[in-house]
Amino acid sequence: MKPKWREKVSKTCPACMKGFVANGWNIVRGAGVYCSRRCFDARRTPTERFLEKVEQTAGCWLWRGCITRGGYGQFRDGKHARFAHRVAYELFVGPPLPGLQICHRCDVRHCVNPDHLFAGSQSDNVRDALAKGRHVSGFSVAAVARWTP
């Protein structure tokens with residue numbers, strides 16, 4: 001028998017085996033199985049959780065999770081929200097050297113295809129943007145070229 005939506009039900013978390021109290025509404029809608037978000041996420045590896053939010057097309061792998069105002073994908077890894085393209089690079093290529101950014105070859109901000117990503121410095125990223133004609137700034141192209149080595 002299903003509990004009523006306001007009813008409190010004692011349950012045992014399948015991940016940590018601790019007892020917790022779930023409200024009836026969560027159980028009716030299929031939630032209320034795990035005691036916390038941490039236990040819920042523990043049932044899958046970070047790679048599995050990441051790939052659940054990716055639409056793999058012939059070219060770009062499009063991020064279908066949270067998108068920032070700037071158009072970049074965002075992945076929550078524990079308590080921290082991180083750029084999805086950086087997480088993709090770390091999962092499939094490896095950690096970048098300290099101080100390097102993860103840049104897109106394809107210029108699609110929510111693309112997480114590791115073949116479309118490269119590690120580079122800020123000046124590499126600006127040079128790449130200038131070469132593709134997509135850098136927007138208040139300075140002339142000649143002035144920016146003088147600042148980059």
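Reader: As what does L91 count at 34% relative accessibility?
Author: This is a predicted model, where local features need pLDDT of at least 70 and side-chain atom pairs count only at pLDDT 80 or more, while totals for chains, interfaces and linings use all residues. Side-chain values use heavy atoms, with hydrogens and water left out, and residues are numbered from 1 along each chain as its sequence is written. Buried means under 20% relative accessible area and exposed over 50%, with partly exposed in between (1.4 Å probe, protein chains only). Because L91 has 34% relative accessibility, L91 counts as partly exposed.

Reader: Thanks! Is D128 buried or exposed?
Author: D128 sits in helix α5, residues 122-131 (helices, H or I with at least four residues, and strands, E with at least two, are DSSP runs numbered from the N terminus). Its relative accessible area is 17%, so D128 is buried.

Reader: And which residues is D128 in contact with, leaving aside neighbours within four places in sequence?
Author: Contact means heavy atoms within 4.5 Å. With those neighbours left aside, the partners of D128 are H104, D107, F118 and R134.

Reader: Turning to the strands, what is the bridge partner of S10 in β2?
Author: Two strands pair if DSSP finds at least two bridges between them. Here β1 (residues 8-12) and β2 pair in the antiparallel sense over five bridges. In β2, S10 has as its bridge partner V21.

Reader: Nice. Which side chains of β2 point to one face and are buried?
Author: In a regular strand, side chains alternate between the two faces of the sheet. Along β2 (residues 19-23), G19, V21 and N23 point to one face and are not buried. Pointing to the other face, and buried, are F20 and A22.
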